[in-house]
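Subject: Structure handover

Hello,

Here is the structure we discussed. Please open it alongside these notes. My findings follow below.

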Amino acid sequence: MAFHFYEPAKGHGLPHDPFKAIIAPRPIGWVSSLDDQGHRNLAPYSFFNAINAAPPMLAFSSYGYKDSVRNVEATGEFVWNLASRELAEAMNRSSASVDPEVDEFELAGLTPVPGEVVAAPRVAEAAVAMECRLCQVVHLHSADGEPTNAWLTIGEVVGVHIDERLLVDGIFDTVAAAPIMRAGGPADYFGIDHDDLFKMERPG
């Protein structure tokens, strides 16, 4: 095999950075929060994932100290909302760069619902939402110890909302939930399909 090799600090030499395409598709951290004055915020983050099971934890990384990070640090809570194919356009509208006092719920035409455990609102139209309490906000540093312009926010899941139509014999139907995931191109997203399913038992 012939390999294209590059050192990221020296540039990739390609039309589009392949890093995000290789680590892909990536689930979307659609994060809702409140600031300390009660203003709502809703924003998607493509560097996001589940990072622990017991207790359950989620994490999203923000390039720049954005409103979501500021709000979570101020209030200690946030909600993750499932970005589905049906809500893709609304999710995209909520990504607009607007002033902190602008309500992205209104901007995206979505309905805020107060949490059961936290005050931060969830997206009523989202089939799944997870209420979270802040564990840590980590200012990321490079390998040589230099601070970057990125912040990792980690939250413990303290409440989960699931549309009961997605529970089939008690099992969550991932395909029916129609999650969308960020891919590598500048505007690329993926869904999932039953044809992509395969099973593999872990070795004993």
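A residue is called exposed here when its relative accessible area is over 50%, buried when it is under 20%, and partly exposed in between. Lys10 has a relative accessible area of 68%, so Lys10 is exposed. Bear in mind that this is a predicted model.

Salt bridges

How many salt bridges does a search of the whole structure find? The search finds four. Three of these are described here, starting with Lys10.

The side chain of Lys10 meets that of Glu7 in a salt bridge, 3.4 Å from N to O. Glu7 is partly exposed, at a relative accessible area of 41%.

Asp103 and Arg40 also pair through their side chains, with an N to O distance of 2.7 Å. This pair links distant parts of the chain, 63 residues apart. Asp103 is in the loop between helix H3 (88–93) and helix H4 (104–108). Arg40 belongs to strand S3. Asp103 falls under the 20% limit with 12% relative accessibility, so Asp103 counts as buried. Arg40 has 28% and counts as partly exposed.

The pair of Asp67 and Arg70 sits within one helix. Both residues lie in helix H2, three residues apart, which is about one turn of the helix. Their side chains form a salt bridge of 3.0 Å, N to O. Asp67 counts as buried at 17% relative accessibility. Arg70 is partly exposed at 39%.

As general background, side chains of opposite charge can pair when their charged atoms come close.

Nonpolar cores

In soluble globular proteins, nonpolar side chains tend to be buried together. Here the largest nonpolar core has 17 residues. Which of its residues touch the most other members? They are Leu58, Phe60, Phe78 and Trp80. Several elements each supply at least two residues of this core: strands S3 (40–45), S5 (56–63), S6 (77–81), S9 (128–141) and S10 (147–162), along with helix H2 (67–75). Another core lies apart from this one. That core has 14 residues, among them Trp30, Leu87, Ala126 and Ile180.

Phe60 deserves a look. Leaving aside neighbours within four places in sequence, Phe60 is in contact with residues including Val31, Tyr45, Phe78 and Trp151. Phe47 and Phe48 are also among the contacts of Phe60, as are Ser68 and Val69.

Glu131

Is Glu131 buried or exposed? Glu131 has 1% relative accessibility, under the 20% limit, so Glu131 counts as buried. Glu131 is part of strand S9. The side chain of Glu131 reaches the backbone nitrogen of Glu116 at 2.7 Å. Setting aside neighbours within four places in sequence, Glu131 has contacts that include Gly115, Glu116, Val117 and Val118. Glu156, Val157, Val158 and Gly159 are also among them, as are Phe78 and Val79. Pro121 is ten residues away from Glu131 along the chain, and their C-alpha atoms are separated by 8.7 Å.

A nonpolar surface patch

Finally, the surface. Phe19, Ile22, Ile23 and Phe47 form a nonpolar patch there. Together they have about 400 Å² of accessible area. Ile23 is placed in the loop between helix H1 (19–22) and strand S1 (26–27). Ile23 has a relative accessible area of 47%, so Ile23 is partly exposed. Phe47 also appears among the contacts of Phe60, one of the core residues named above.

Best wishes

Methods
Residues are numbered from 1 along each chain as its sequence is written. This is a predicted model: local features need pLDDT of at least 70, side-chain atom pairs count only at pLDDT 80 or more; totals for chains, interfaces and linings use all residues. Side-chain values use heavy atoms; hydrogens and water are left out. Patches are made of residues with over 30% relative accessible area and no salt bridge: like charges are joined within 9 Å, nonpolar side chains (Val, Leu, Ile, Met, Phe, Trp, Tyr) within 5 Å. Accessible areas come from the Shrake-Rupley method with a 1.4 Å probe; for residues, only the protein chains shown count as cover. Helices (H or I, at least four residues) and strands (E, at least two) are DSSP runs, numbered from the N terminus. Buried means under 20% relative accessible area, exposed over 50%, partly exposed in between (1.4 Å probe, protein chains only). A nonpolar core is a set of buried Ala, Val, Leu, Ile, Met, Phe, Trp, Tyr and Cys residues joined through side-chain atoms within 4.5 Å. Contact means heavy atoms within 4.5 Å. A polar contact is a pair of N or O atoms within 3.5 Å; within protein, one must be able to donate a hydrogen and the other to accept it, and residues adjacent in sequence count only if both atoms are side-chain atoms.
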